[in-house]
Amino acid sequence: MKAETWKEIKHCQNINRWVSLLFGAALLGTLLYAAALHAAFDAAEYYEKKCSSCHTVGGGDDVGPDLKGVGERRSEDWLIKMIQSSQSMISAGDPVATQLFEKFKRKKMPDHDLSPDEVKQLLAFIQQGGPVEKPIDDKPATAATPQDIQLGQELFLGSRPLANGGPACISCHSVGSLGPLGGGSLALDLTQVYSRYEDAGLSKALRKTGFNIMREIYVPRPLTGEEAFALKAFLFQADRQGQESTGFQKKFVFLGVGGCVLFLGLMDLSWRKRRKKTAKPSHGGLS
Amino acid sequence: MKNYLLFVVFPYVAIALEVVVSLWRYIFRRHEFTSLSSEFLESKKLFWGSVPWHYGILAVLLGHLIGLLFPREVLLWNSVPIRLLILEVTGLTFGLMALVGIVLLIARRISDPRIRQVTSKVDVLVLAVLLVQVASGVAVAIGYRWGSSWYASALVPYLRGLFTFNPNVEFIAGMPTLVKVHVFTAFLIVAILPFTRLIHFLVVPVSYLWRSYQIVVWNYDRKKIRRASN
Amino acid sequence: MDVRAQVSVVFHLDKCIGCHTCSIACKNVWTDRKGAEYMWWNNVETKPGTGYPTAWENQEDYKGGWVKKGNSIELKGAGKLRAFKNIFHNPNLPTIDDYYEPWTYRYEDLFNSPEGDTQPVARPVSLLTGKFMEIKAGPNWDDDLSGSPDYARKDPNFKNLSQAEQEALFQVEKLVMFYLPRICNHCLNPACLAACPSGAIYKRGEDGVVLINQKKCRAWRMCVTACPYKKTYYNWSTGKSEKCILCYPRLETGQAPACMHSCVGRIRYLGMMLYDADLIHQFASADESKLLDLSREIILDPRDPKVIEEARKNGIHDSVIEYAQRSPVYRFVKEWGLALPLHPEYRTLPMLFYVPPLLPIMGMSEEGVYESLTEGLFTDIEQARLPIQYLASLFTAGNEGQIREVLKKMMAVRLYRREETVGDLGAEAVQKALKETGTSREQAEAIYRLTSLANFEERFVIPPSHREEAIVMLDTEFEKKGTGGFGFRMAVGRGL
Ligand code: SF4
Ligand code: SF4
């Protein structure tokens with residue numbers, strides 16, 4: 001740009017015109033970009049990502065019910081609502097939904113942010129027989145040796161890194177037997193996960209890690225079969241021992257508040273010579 | 001789609017706003033770049049608000065930045081429980097300091113008639129948003145332990161995705177509402193930053209550290225002029 | 001040698017009548033705005049007194065100026081690392097209560113009040129909050145020694161006076177006071193500038209005026225603390241600091257600054273001086289006892305051919321050199337050594353100099369008869385009501401000898417004039433007085449003329465500022481054409 005032009009812009013009283021132009025361009029750009037990013041809905045991919053860790057199509061009940069023939073069993077309308085938000089169906093008192101919820105040990109199905117049209121595509125995919133599945137045949141946890149359990153614990157805690165570089169479970173999960181600090185409380189406490197998911201379900205959950213965030217983290221860095229087994233063994237043992245992790249929350253808050261008070265005290269000390277009153281005699285200064 | 005709008009589209013809009021409007025203001029309205037300090041009108045209460053607020057929030061921001069840049073190292077550090085505890089308690093300490101600070105600053109703005117005179121509507125917005133942000137952050141830290149770990153493993157990939165133009169909203173979609181609020185408000189702050197007094201954050205005078213103590217400015221190159229006319 | 005030019009100023013305190021015309025002139029021109037109401041870029045304070053802001057000389061409280069550290073100096077209450085530590089809350093910042101809460105009156109009530117039994121009054125209204133207020137302080141609250149028990153007795157310059165000496169000052173028969181008008185000193189080693197984290201403050205190369213760039217100021221407030229004279233003021237409304245600009249737009253058009261132009265007592269002199277910028281750091285870091293001498297020594301003789309050559313090499317215009325040679329300030333400060341900087345111990349090398357007051361004419365009344373105490377020629381000075389130590393604390397960093405020298409010289413001029421007009425002292429006595437103070441008759445005459453008779457042109461010797469050259473240097477000379485003379489003006493704002 002020539003210096004004159006630049007100066008003209010700078011001195012232009014009508015700067016708003018330039019700004020709105022720039023601004024509009026930026027906004028349009030981001031919107032276009034965003035639209036391009038939001039790719040078309042792919043039912044197969046969605047099923048793989050979101051459904052397959054809890055459901056099968058023709059493979060029998062798993063964490064959730066077998067979906068084979070679900071289109072015949074339930075009305076399309078019901079399915080759309082159920083898939084979009086199962087919990088609101090239950091709280092609305094829908095008898096079928098409640099019954100299923102009870103049957104599957106009150107495990108909540110996550111909400112799916114899908115349009116009715118997208119649900120229909122998904123249902124059509126299931127209707128056609130769903131994905132081609134390889135069954136997972138891990139050994140049952142009862143066959144684990146103490147070494148397996150030990151390994152599982154180390155993996156869970158992160159003292160031994162996961163082979164493919166995934167973060168340790170403790171970041172988000174806690175387990176009863178973990179000592180005073182416990183693990184993360186972002187996600188479920190896993191103390192009883194073994195009895196809730198049962199052996200095969202847990203294996204699948206560990207290998208396919210289908211819950212939103214876990215999937216994103218572990219699909220690029222999956223657990224190896226050995227790791228999954230060791231973790232399952234560890235969780236099995238935790239389940240046997242039973243007690244939920246002790247709440248460390250109170251102590252944590254207490255420490256934080258303590259630290260905060262300490263810092264405020266240090267602050268006061270470090271600036272103890274700050275001016276605390278004015279010099280005006282009328283305001284009590286100059287004495 | 002909602003998540004998509006809030007956590008992919010909005011962040012980009014926010015960043016675009018931040019960059020474009022800040023630059024615009026810096027070029028055309030530089031006079032408005034100021035921290036609008038009100039210490040001159042009221043100093044005693046400000047001390048207990050401003051100092052913990054700024055030190056707290058800067059430490060917390062630094063923590064977030066470290067997590068963003070070195071997530072693996074953070075996880076490695078956290079693999080020993082006592083180290084995890086140190087990190088988390090430090091984070092909570094500074095978070096609480098920021099919370100105490102912002103609450104006191106708000107109280108000061110409300111209670112002091114002089115300070116109310118220099119409070120604009122935008123200031124109210126800024127304080128409200130910051131309060132939500134810090135309060136939700138502290139609540140997340142307490143309610144969803146251990147933030148440093150799952151931030152590094154579950155949220156950092158989302159943020160990195162944003163910066164590498166490969167955003168993945170799934171990381172956010174499964175997060176608890178409180179975390180979503182925290183993330184959204186963070187980008188809201190980015191979006192409103194250039195419209196508010198927060199721009200003072202963009203002009204931290206670091207160059208003071210190496211500039212010489214005295215500055216002399218000539219209106220014109222005097223030596224050149226003299227040479228030309230002589 | 002790095003020769004630079006500096007506009008500098010002399011205030012002759014003997015002539016100040018404390019009328020505050022200067023303050024009002026300045027206020028009307030520059031600081032009659034929201035957020036600036038409390039600013040008195042020019043203020044006139046009564047001494048002994050605490051001044052404005054209250055007790056500004058108490059650096060233990062305000063932490064202004066430089067302090068010596070090893071062979072160098074550092075800012076007392078600001079500085080690089082300290083600025084970052086204190087940027088969120090400056091622990092040494094004066095607040096508006098150290099100045100006063102600005103107010104106006106509800107004048108309309110005088111006209112609009114309904115008929116009633118009582119006189120309508122115009123109640124004071126705060127310019128901060130807009131609410132009715134009770135006035136508890138003002139810019140000249142201790143004017144003419146008012147409120148002495150609270151104010152004048154707390155004058156920080158009393159610190160070296162004994163209790164008895166202080167008491168004596170407040171005996172009705174011995175009461176004494178003088179006025180001290182103050183503006184920014186446009187220092188050679190400005191503390192305000194050094195303390196500014198954003199680098200908004202700068203010294204103009206051409207004339208040394210110290211200015212705050214309003215576009216760069218970010219309200220970090222360090223300059224307010226750092227200036228030991230409290231001559232940068234924080235505008236609480238715009239979030240920018242402001243200070244005396246020495247009316248540079250007037251200077252550039254050859255006019256004296258508003259305060260000087262309007263000065264009723266004609267106490268003010270303004271002129272160019274040349275100084276050696278290479279010596280600033282060394283001189284500012286010197287021992288306290290040498291500071292006064294060095295702050296004179298840094299000023300160069302504009303007639304010295306070597307200085308002239310260096311000045312020209314440095315791009316200083318011939319006209320500036322020529323005006324520096326005629327500068328009344330140079331005569332007061334260097335040639336005659338009569339003008340002294342205010343508080344040289346703050347180490348900012350102030351470029352505003354004061355001729356100390358030779359007040360009052362000594363005497364006392366005994367049983368109704370006024371008795372002059374003049375015995376020896378200079379005994380008056382020793383028995384002055386105002387202790388020498390007090391003036392020394394103001395102008396010579398506590399060195400009484402240097403103050404005495406100046407006062408004696410002024411006394412000698414006075415005796416010389418008395419001999420000229422009254423003729424009762426005898427030529428010999430006058431000759432002795434002049435000799436003792438190293439003053440020639442010509443010099444005495446010159447001092448007398450410049451002090452008492454100087455007209456406008458002699459008091460204000462303002463060189464052309466050669467703005468035309470600045471404009472030539474711009475990329476487009478015609479840029480300003482058609483923009484109403486001011487170009488693009490930006491409204492003051494507190495954000496959107
Ligand atoms: S008197 Fe104060 S404001 Fe003026 S130049 Fe000196 S330090 Fe700066
Ligand atoms: S106008 Fe002159 S005489 Fe009057 S107070 Fe100001 S400096 Fe003194």
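How much accessible surface does chain C have, and what share of it belongs to carbon and sulfur atoms? The accessible surface of chain C comes to about 20400 Å², and 51% of that belongs to carbon and sulfur atoms. Hi everyone! Before I go on, please keep in mind that what we are looking at is a predicted model.

Let's stay with chain C for a moment. Chain C has 496 residues, and 59% of them are buried. If you trace its secondary structure, you will find 21 helices and 18 strands. Here is something fun about how the chain folds back on itself. Take the contacts in chain C with a separation of 6 or more: 70% of them join residues that are 24 or more positions apart.

Now to chain B and how it meets chain C. In terms of contact, 52 residues of chain B touch 72 residues of chain C. Together, the two chains bury about 5700 Å² between them, with 59% of that on carbon and sulfur atoms. Which three residues of chain B supply more of its buried area than any other three? They are B:His31, B:Phe40 and B:Tyr208, and they supply 16% of the area that chain B buries against chain C.

What about charges and polar groups? Between chain B and chain C there are three salt bridges. In one salt bridge, the side chain of B:Glu39 meets the side chain of C:Arg221, at 2.7 Å from N to O. The two chains also have 28 residue pairs in polar contact. Several elements of chain B supply at least two residues each to the side that touches chain C, among them α1 (2-28), α6 (121-143) and α10 (222-229). Which element gives the most? That is α2(B), with seven residues.

My favourite part comes last: a sheet shared by both chains. Strands of a sheet pair through backbone hydrogen bonds, either parallel or antiparallel. Here, three strands line up as β1(B)-β8(C)-β9(C) in an open sheet with mixed pairing. Why do two of these strands each have a side without a neighbour in the sheet? β1 (216-217) of chain B and β9 (210-212) of chain C stand at the edges, each with a single partner strand, so one side of each is left free of a neighbour in the sheet.

Let's zoom in on where the chains join. β1(B) pairs with β8 (residues 201-204) of chain C in the parallel sense, over two bridges. If you want a spot to find on screen, look for B:Val216, which stands opposite C:Lys203 in β8(C). Thanks for listening!

Methods
Residues numbered from 1 in each chain as written. Chains lettered and ligands numbered in written order. Predicted model: local features only at pLDDT ≥ 70, side-chain atom pairs only at ≥ 80, totals over all residues. Heavy atoms only, no water. Helix = DSSP H or I, 4+ residues; strand = E, 2+ residues; numbered from the N terminus. Buried < 20%, exposed > 50% of the residue type's maximum accessible area, 1.4 Å probe, protein only. Contact = heavy atoms within 4.5 Å. Areas by Shrake-Rupley, 256 points an atom, 1.4 Å probe, with all protein chains shown as cover. Pairing = 2+ DSSP bridges. Buried area = accessible area lost by both parts, 1.4 Å probe. Salt bridge = Lys/Arg side-chain N within 4 Å of Asp/Glu carboxyl O. Polar contact = N/O pair within 3.5 Å; in protein donor to acceptor, adjacent residues only side chain to side chain.
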